[in-house]
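Biologist: I would like to learn how to read a model like this one, feature by feature. Please give the general idea before the case at hand.

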Amino acid sequence: MQLSTKDLHYLKDELSWELLAMKKCHHYAQECQDPEIRQLLDRIGKIHQQHYQILLNQLNPSGQPTMQSPAGTQSTYPASCWGNMQS
Amino acid sequence: MQWQSQDPSSPYHPQGTPSGGQQQQTGLPRVKGPEMNDRDRINDVMATEKYLTTAYNIAVNEASTEQLYRTQMNLLNELHQCQRDLFNLMHRKGWYKLDQAQAQDVYQTAQQFSNYQTQFPYS
């Protein structure tokens, strides 16, 4: 899909925020004494992780999920894909 | 966003309310040390969600395609829901005390803005 440079900047930002948010929720949930709060924070953390996945899929021109790519594959996106998008 | 300024979790805000008993059922230590407690944690997550919704809101406006717009709007919606869930839980724990507005003030405001209806451009 076509992305503007602005889209890309925002998506990068959003991915970073979501990553930090899921880490924070996960970390706090483990420290919480109150099970109710722990559950809520965990649930919200999972939502952030889902968001990350959704955002990542926006970057993938073929529309295929990009996570869980085998270790070792350096770049998820072959240069050719980006070439197409830029035209 | 008005309640943000009240910073309900601030340890520097002694809860001068007579209903001090409400604080005890929350399981917080009576004498607070420097370490973060549950209330600090949930409050920090709340602040994160607030930041996220504000930031997404700007991004959404500038999405170049309809598809990207909708995707981000969906995420924004979910973040709002998260925020509300956090708020509701904090409220239930008694960590988010909101003061009742004075009936007199409400009445006066209603009067004031009712009078402005004469300025409506549409009949």
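Modeller: Then take burial, in what is a predicted model. A residue counts as buried when its relative accessible area is under 20%.

Biologist: Is A:Tyr28 buried or exposed?

Modeller: A:Tyr28 has a relative accessibility of 8%, so A:Tyr28 counts as buried. The residue is found in helix α1 of chain A.

Biologist: Which residues does A:Tyr28 touch, not counting residues up to four places away in sequence?

Modeller: A:Tyr28 touches A:Leu41 in its own chain and B:Met36, B:Arg41, B:Asp44 and B:Val45 in chain B. For a sense of distance, A:Tyr28 and A:Leu59 are separated by 31 residues in sequence and by 30 Å in space, C-alpha to C-alpha.

Biologist: What about A:Leu41, which residues does that one touch when residues up to four places away are not counted?

Modeller: A:Leu41 touches A:Cys25, A:Tyr28, A:Ala29 and A:Cys32, and across the chains B:Val45 and B:Leu86.

Biologist: How should I think about such groups of side chains?

Modeller: In soluble globular proteins, nonpolar side chains tend to be buried together. Here the largest nonpolar core has 19 residues. Those with the most contacts inside this core are A:Ile37, A:Leu41, B:Ile42 and B:Leu86.

Biologist: Which elements give two or more residues to this core?

Modeller: From chain A they are α1 (5–31) and α2 (35–59), and from chain B α2 (38–61) and α3 (66–92). Apart from this core lies another, of 16 residues, including A:Leu3, B:Ala55, B:Ala63 and B:Leu68.

Biologist: Now the interface. How is its size stated?

Modeller: The size of an interface is often given as the accessible area lost when the parts come together. Chain A and chain B bury about 2,800 Å² between them, and 61% of this area is on carbon and sulfur atoms. A:Tyr10, A:Trp17 and A:Tyr28 supply 20% of the area that chain A buries against chain B, more than any other three residues.

Biologist: How many residues of chain A are in contact with chain B?

Modeller: The count is 31 residues of chain A, in contact with 32 residues of chain B. One contact to look at is that of B:Thr71, which is found in helix α3 of chain B. Leaving aside neighbours within four places in sequence, B:Thr71 is in contact with A:Ile54 and A:Gln58. B:Thr71 counts as buried because its relative accessibility is 12%.

Biologist: How many residue pairs are in polar contact between chain A and chain B?

Modeller: There are 17 such pairs, with both residues at pLDDT 80 or more. On the side of chain A that touches chain B, α1 and α2 of chain A each supply at least two residues. The residues of that side divide into 16 nonpolar, six polar and nine charged.

Biologist: And the charged residues, how do I read those?

Modeller: Side chains of opposite charge can pair when their charged atoms come close. Over all chains the count is nine salt bridges, and between chain A and chain B it is seven. A:Lys6 forms one of them with B:Glu62, the closest N and O atoms being 2.7 Å apart. A:Lys6 lies in helix α1 of chain A and B:Glu62 in the loop between α2 and α3 of chain B, so this pair joins two chains.

Biologist: Are A:Lys6 and B:Glu62 buried or partly exposed?

Modeller: A:Lys6 is partly exposed at 43% relative accessibility, and B:Glu62 is partly exposed at 31%.

Biologist: Which residues are joined into one network by salt bridges that share partners?

Modeller: They are A:Asp34, A:Glu36, B:Arg92 and B:Lys93. B:Lys93 pairs with A:Asp34, with closest N and O atoms 2.6 Å apart, and with A:Glu36, where the closest N and O atoms are 3.0 Å apart. B:Lys93 is buried, with a relative accessible area of 13%, whereas A:Glu36 is partly exposed at 31% relative accessibility.

Biologist: Where do B:Arg70 and B:Glu66 lie?

Modeller: Both lie in helix α3 of chain B, four residues apart, about one turn of the helix. Their side chains meet in a salt bridge of 3.8 Å, N to O.

Key. Residues numbered from 1 in each chain as written. Chains lettered and ligands numbered in written order. Predicted model: local features only at pLDDT ≥ 70, side-chain atom pairs only at ≥ 80, totals over all residues. Heavy atoms only, no water. Core = buried A, V, L, I, M, F, W, Y, C linked by side-chain atoms within 4.5 Å. Buried < 20%, exposed > 50% of the residue type's maximum accessible area, 1.4 Å probe, protein only. Contact = heavy atoms within 4.5 Å. Buried area = accessible area lost by both parts, 1.4 Å probe. Salt bridge = Lys/Arg side-chain N within 4 Å of Asp/Glu carboxyl O. Polar contact = N/O pair within 3.5 Å; in protein donor to acceptor, adjacent residues only side chain to side chain. Nonpolar A, V, L, I, M, F, W, Y, C, P; charged D, E, K, R; others polar.
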